[in-house]
Each structure stands twice: as C-alpha cells, then as structure tokens.
Amino acid sequence: MAPGLQYLPAFVAAIHTGSFSAAARQLHVTQSTVSYQIGQLETRLGAELFDRVGRGVQPTPLGRRLFDSCERFLGELAALRAAGSRAGAGAPSVLRVAS
C-alpha cells in the first residue's frame with residue numbers, strides 16, 4: 001500500500017461524521033488514533049485537510065478535493081469487487097479503471 005493510503009478511512013469517516021470522535025466510533029478505534037492518522041495524512045500532503053471548529057471539523061478546500069477523489073476511487077473499487085464476484089460466478093464483467 002502506498003504511504004498514507006492506510007489513513008484514508010479515518011479521513012473519509014471524519015468527513016462523513018463531522019468529528020474525529022464520531023469517526024473513531026464508526027471505525028471502532030480511539031479518537032486519538034483518528035487524530036494521529038489525520039495528522040499523518042496532513043503531514044504527508046504538507047497541508048491541513050480540516051478546519052477544527054469547536055468539537056467538530058470542516059474540510060478545507062484541499063480536504064474537499066481529496067474527499068471527492070476518495071469517493072470516486074472507493075466507488076470504482078466497489079465496482080471492481082462486484083465485477084470480480086460476477087466473474088467468479090460465470091457472469092460477464094467489465095473492468096473500468098479511472099484515475
């Protein structure tokens with residue numbers, strides 16, 4: 001796995017839930033784990049991905065762009081998994097790869 005990709009689930013969960021604490025509950029990890037992973041991702045990218053607002057978070061413009069890319073990537077990954085399942089069942093499949 002490319003460096004930093006292991007932190008994307010915490011990033012996506014934080015966007016969806018609006019807080020690191022809620023993301024941690026969703027991922028069944030501690031809040032400090034989510035905070036650490038987001039911090040590592042921000043360090044690797046060299047920019048902040050969230051504005052911390054009270055106990056919640058809002059994505060920065062860069063955070064929003066990364067989230068949009070993650071959503072497309074995760075959607076394509078789900079399609080690949082489904083195609084693999086259909087291919088294993090003998091059904092025809094189509095493989096699309098986008099970046």
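Where in the chain is His28 found? Select His28 in your viewer, keeping in mind that the model you have open is a predicted one, and you will see that this residue sits in the loop that runs between helix H2 (20-27) and helix H3 (31-45).

**First stop: His28 and the loop**

With His28 still selected, look at its backbone, where phi is near 60°, a positive value in a residue other than glycine. The relative accessibility of His28 is 73%, and because exposed means over 50%, His28 counts as exposed.

**Second stop: helix H2**

Step back along the chain from His28 to H2, the helix that this residue follows, and begin at its N-terminal end. There Ser19 acts as a cap, with a side-chain oxygen that lies 2.9 Å from the backbone nitrogen of Ala22. Now colour Phe20, Ala22, Ala23 and Ala24, which are buried residues of H2, and then show the parts that surround them: what covers the buried residues of H2 includes H1, H3, S1 and strand S2 (56-59).

**Third stop: Phe11 in helix H1**

Select Phe11 next, which is found in helix H1 (residues 8-17) and which, at 0% relative accessibility, counts as buried. Which residues is Phe11 in contact with, leaving aside its neighbours within four places in sequence? They are Ile38, Leu41, Leu49, Phe50, Gly63, Leu66, Phe67 and Cys70, and you may like to show them as sticks. Take Ile38 from this list and draw a line from its C-alpha to the C-alpha of Phe11: the two residues are 6.1 Å apart in space, although they are 27 residues apart in sequence.

**Fourth stop: Ile38 and the nonpolar core**

Keep Ile38 selected and look around it, where, leaving aside neighbours within four places in sequence, Ile38 is in contact with Ala10, Phe11, Phe20, Phe50 and Arg52. Several of these names return when you turn to the largest nonpolar core, which has 19 residues, and in which Phe11, Phe20, Val34, Ile38, Leu41 and Phe50 touch the most other members. The elements that give two or more residues to this core are H1, H2, H3 and helix H4 (61-88), and H1 gives the most, with seven residues. As a general background to this stop, nonpolar side chains tend to be buried together in soluble globular proteins.

**Fifth stop: the salt bridge**

Select Arg52 and Glu42 together, for these two residues form a salt bridge in which the closest N and O atoms are 3.2 Å apart. Arg52 lies in strand S1 (residues 50-53) and Glu42 lies in helix H3, so the pair ties together parts that are ten residues apart in sequence. The two partners can also be compared by their accessibility: Arg52 is partly exposed, with a relative accessible area of 43%, whereas Glu42 is buried, with a relative accessible area of 11%. How many salt bridges does the count come to? The count comes to one salt bridge.

**Last stop: the second largest pocket**

Finally, select Leu5, Leu8, Pro9, Phe73 and Leu74, which lie nearest the centre of the second largest pocket, among the ten residues that line it. About 170 Å³ of space lies in this pocket. H1 and H4 each supply at least two residues of its lining, and H4 gives the most, with four residues.

How values were computed
Residues numbered from 1 in each chain as written. Predicted model: local features only at pLDDT ≥ 70, side-chain atom pairs only at ≥ 80, totals over all residues. Heavy atoms only, no water. Buried < 20%, exposed > 50% of the residue type's maximum accessible area, 1.4 Å probe, protein only. Salt bridge = Lys/Arg side-chain N within 4 Å of Asp/Glu carboxyl O. Contact = heavy atoms within 4.5 Å. Polar contact = N/O pair within 3.5 Å; in protein donor to acceptor, adjacent residues only side chain to side chain. Core = buried A, V, L, I, M, F, W, Y, C linked by side-chain atoms within 4.5 Å. 1 Å grid on protein atoms, 1.4 Å probe; cavity = no way out; pocket = protein on both sides within 12 Å on 5 of 7 lines; lining within 4 Å. Points joined across faces, edges and corners; volume = space filled by probe spheres on them.
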